[in-house]
Amino acid sequence: MIFGRRELRIDTERLTLRPPQMADWRAWATLRQDSAGFLRPWEPVWAQDHLSRRAFSSRVAWARRS
């Protein structure tokens with residue numbers, strides 16, 4: 001527990017779900033870029049900076065607040 005908050009994490013045999021961390025940015029951005037064609041039909045149009053470190057930092061901050 002950090003600052004009185006529980007760590008949110010779900011572990012199964014094949015999968016771990018947890019909030020994003022800044023250390024995830026490069027792998028996340030690479031995967032999103034490589035999957036862009038597949039994702040396009042189901043997602044809204046990405047902002048120009050969608051894959052940037054700064055935009056990812058905003059996602060991490062949002063996840064922490066949520």
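Which residues are buried in helix 1? Let's keep that question in mind as we walk through the structure, which is a predicted model.

We can start with the overall layout. The protein has three helices and two strands. Reading from the N terminus, the elements follow the order β-β-α-α-α. The radius of gyration is 14 Å, well over the 11 Å that the globule rule gives for 66 residues, so the protein is more spread out than a compact globule. If you turn the model on your screen, the C-alpha trace spans about 40 × 30 × 20 Å along its principal axes.

What share of the residues counts as buried? The figure is 15% of the 66 residues. The protein exposes about 6,100 Å² of surface, and carbon and sulfur atoms supply 55% of that area. The chain also makes contacts across long stretches of sequence: among contacts between residues at least 6 apart, 48% join residues at least 24 apart.

Now back to the opening question. The buried residues in helix 1 are W25, A29 and R32. Their directions cover an arc of only 65° around the axis, which puts them on the same side of helix 1. On the other side of this helix you will find R26, A27, L31 and D34, which are exposed. And what do the buried residues of helix 1 pack against? Their partners are helix 2, residues 36–39, and helix 3.

Two of these buried residues, W25 and A29, turn up again in the next feature. The largest nonpolar core consists of five residues, W25, A29, L51, F56 and V60. Helix 1 and helix 3 each contribute at least two residues to this core. Take V60 as an example of a core member with further partners: setting aside neighbours within four places in sequence, V60 is in contact with P20, Q21 and M22.

R32 deserves a visit of its own. This residue of helix 1 has a relative accessibility of 15%, so R32 counts as buried, the cut-off being under 20%. Which residues does R32 touch, once those up to four places away in sequence are set aside? The list is L39, E43, W46, H50 and L51.

Let's follow two of those partners. L39 belongs to helix 2, and its relative accessibility of 16% makes L39 buried as well. Not counting residues up to four places away in sequence, L39 touches R32 and W46. H50, in turn, sits in the loop between helix 2 and helix 3. Although H50 is in a loop, it is buried, with a relative accessible area of 9%. Leaving out residues up to four places away in sequence, H50 touches W28, R32, A55 and R59. You can also compare H50 with W25: the two are 25 residues apart in sequence, and their C-alpha atoms are 11 Å apart in space.

The last stop is the aromatic rings. How many aromatic pairs are there when ring centres must lie within 6.5 Å? The count comes to two. One of them is W28 with F56, whose ring centres are 5.0 Å apart and whose planes meet at 40°, so this pair is tilted. This pair links distant parts of the chain, since W28 lies in helix 1 (residues 25–34) and F56 in helix 3 (residues 53–65), 28 residues apart. F56, which you have already met in the nonpolar core, is buried, with a relative accessible area of 2%.

The other pair is F38 with W42: their ring centres are 5.1 Å apart and their planes are at 45°, so this pair is tilted too. Are these two residues buried or exposed? Both F38 and W42 are exposed. W42 is found in the loop between helix 2 and helix 3, and its relative accessibility is 63%. Its C-alpha atom is separated by 13 Å from that of R32, a residue 10 places away along the chain.

To retrace the walk on your screen, begin at W25, A29 and R32, the buried residues of helix 1. Go on to helix 2 and helix 3, which they pack against, and finish with the tilted pair of F38 and W42.

Definitions and conventions. Residues are numbered from 1 along each chain as its sequence is written. This is a predicted model: local features need pLDDT of at least 70, side-chain atom pairs count only at pLDDT 80 or more; totals for chains, interfaces and linings use all residues. Side-chain values use heavy atoms; hydrogens and water are left out. Rings of Phe, Tyr and Trp (its six-membered ring) pair if their centres lie within 6.5 Å; planes under 30 degrees apart count as stacked, over 60 as edge-to-face and the rest as tilted. Helices (H or I, at least four residues) and strands (E, at least two) are DSSP runs, numbered from the N terminus. Buried means under 20% relative accessible area, exposed over 50%, partly exposed in between (1.4 Å probe, protein chains only). A nonpolar core is a set of buried Ala, Val, Leu, Ile, Met, Phe, Trp, Tyr and Cys residues joined through side-chain atoms within 4.5 Å. Contact means heavy atoms within 4.5 Å. The arc is that of the directions from the helix axis to the C-beta atoms. The radius of gyration is taken over C-alpha atoms; the globule rule is 2.2 Å times the number of residues to the power 0.38. Accessible areas come from the Shrake-Rupley method with a 1.4 Å probe; for residues, only the protein chains shown count as cover.
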